[in-house]
Amino acid sequence: MASKFNSAPTTYSPASTRKTRPPIFKHSDVDWVRPDGRGFHDCRPAFFRTGAVNAAAGSAYAEFGNTKVIVSVFGPRESKKAMMYSDVGRLNCNVSYTTFSTSVRGQGSDHKEFSSMLHKALEGAIMLESFPKTTVDVFALVLESGGSDLSVVISCASLALADAGIMMYDLVAGVSVSCLGKNLVIDPVFQEERNQDGSLMITCMPSRYEVTQLTVTGEWSAAKVNEAMQLCLDACSKLAIVMRSCLTESASVSQD
């Protein structure tokens with residue numbers, strides 16, 4: 001099941017049965033196989049576990065292929081700006097990489113851009129008015145960078161917030177797509193992101209069918225953007241089912 005380390009990861013897209021060969025990234029080539037053998041529209045199996053950090057109010061661990069992330073949530077606790085009363089709470093997000101997360105050793109650091117994007121993705125889903133004059137801190141650590149890091153961080157952080165009992169309108173699931181020549185590949189790995197012509201990431205609240213963030217890089221036609229958005233939204237809905245099953249199982253285990 002989703003919340004046990006010794007369980008098989010749960011997939012949220014059809015599994016590929018094709019044999020692998022070295023990927024060829026050419027604009028005119030539509031017959032290459034992805035590095036991990038998936039179909040263009042197949043996502044990596046997703047593994048989640050809550051309660052990964054005992055000292056935190058809530059936490060979660062996520063593993064999507066070679067992308068491994070752990071998120072800790074602390075609070076609500078008194079805001080450092082307590083003198084400035086606000087009828088809504090504050091959300092503080094930080095994303096960092098370990099020194100061994102990439103092939104280049106010793107380059108772990110805070111990622112300010114990802115921290116800002118994590119904040120934007122989560123802020124609209126949290127009931128900030130439920131903890132006025134206080135702050136909730138979300139710390140995400142990328143243990144291994146294997147591609148689609150930010151979307152995995154966002155999904156994992158949403159699960160950690162739910163584990164901490166933070167009131168939310170819905171879970172937030174994130175999925176990205178890379179454009180490689182004429183092809184769209186969902187949930188890209190590092191090699192695909194390195195060779196992409198453009199990328200699109202959506203984070204949304206699947207139950208409400210509301211997008212919390214849309215990020216697009218590169219040149220896209222209107223038709224390609226629409227196709228990529230539909231791929232992401234469909235995958236987000238399926239990913240949210242896996243996330244909820246993790247929470248359900250975690251709750252049932254804690255009651256035993």
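C93 is tucked away in this predicted model: its relative accessibility comes out at 11%, so the residue counts as buried, the cut-off being under 20%. As for cross-links, a search of the whole structure turns up 0 disulfides. A disulfide, for the record, is a covalent bond between the sulfur atoms of two cysteines. C232 is in none, and the nearest cysteine sulfur, which belongs to C236, sits 6.3 Å away. Since a pair would have to lie within 2.5 Å to count, that separation of 6.3 Å does not qualify. C232 is also buried, with a relative accessible area of 0%.

On to the sheet. Here 5 strands make up an open sheet with mixed pairing, and their order is 1-2-3-5-4. Strand 1 (46-50) and strand 4 (90-97) take the edges; each has a single partner strand, so one side of each is left without a neighbour in the sheet. Going from strand to neighbouring strand, the average turn is 15°, direction ignored. Inside the sheet, strand 3 (residues 67-78) pairs with strand 5 (residues 134-144) in the antiparallel sense, over 9 bridges. One of the residues involved is R77, whose bridge partner in strand 5 is T135. Helix 1 (residues 112-123) lies across strand 4 and strand 5, and runs at about 140° to strand 4.

Helix 2 covers residues 149-163. Over its 15 residues, the distance from the first C-alpha to the last is 21 Å, close to the 21 Å expected at 1.5 Å a residue. Most of helix 2 is covered, too: 13 of its 15 residues are buried. After helix 2 comes G165, with a positive phi near 80°.

Another glycine with a positive phi turns up further along, in a hairpin. Strand 6 (residues 173-180) and strand 7 pair in the antiparallel sense over 4 bridges, and C179 stands opposite L184 in strand 7. The hairpin of these two strands has 2 residues between them, and G181 takes a positive phi near 65° there. In a regular strand, side chains alternate between the two faces of the sheet. Strand 7 (residues 183-186) shows which residues go where: N183 and V185 point one way, L184 and I186 point the other way, and all are buried.

Technical notes
Residues are numbered from 1 along each chain as its sequence is written. This is a predicted model: local features need pLDDT of at least 70, side-chain atom pairs count only at pLDDT 80 or more; totals for chains, interfaces and linings use all residues. Side-chain values use heavy atoms; hydrogens and water are left out. Two strands pair if DSSP finds at least two bridges between them. Axes are lines fitted to C-alpha atoms, for helices over the stretch in contact, and angles run from 0 to 180 degrees between N-to-C directions. Contact means heavy atoms within 4.5 Å. Buried means under 20% relative accessible area, exposed over 50%, partly exposed in between (1.4 Å probe, protein chains only). The expected span of a helix is 1.5 Å times one less than its number of residues.
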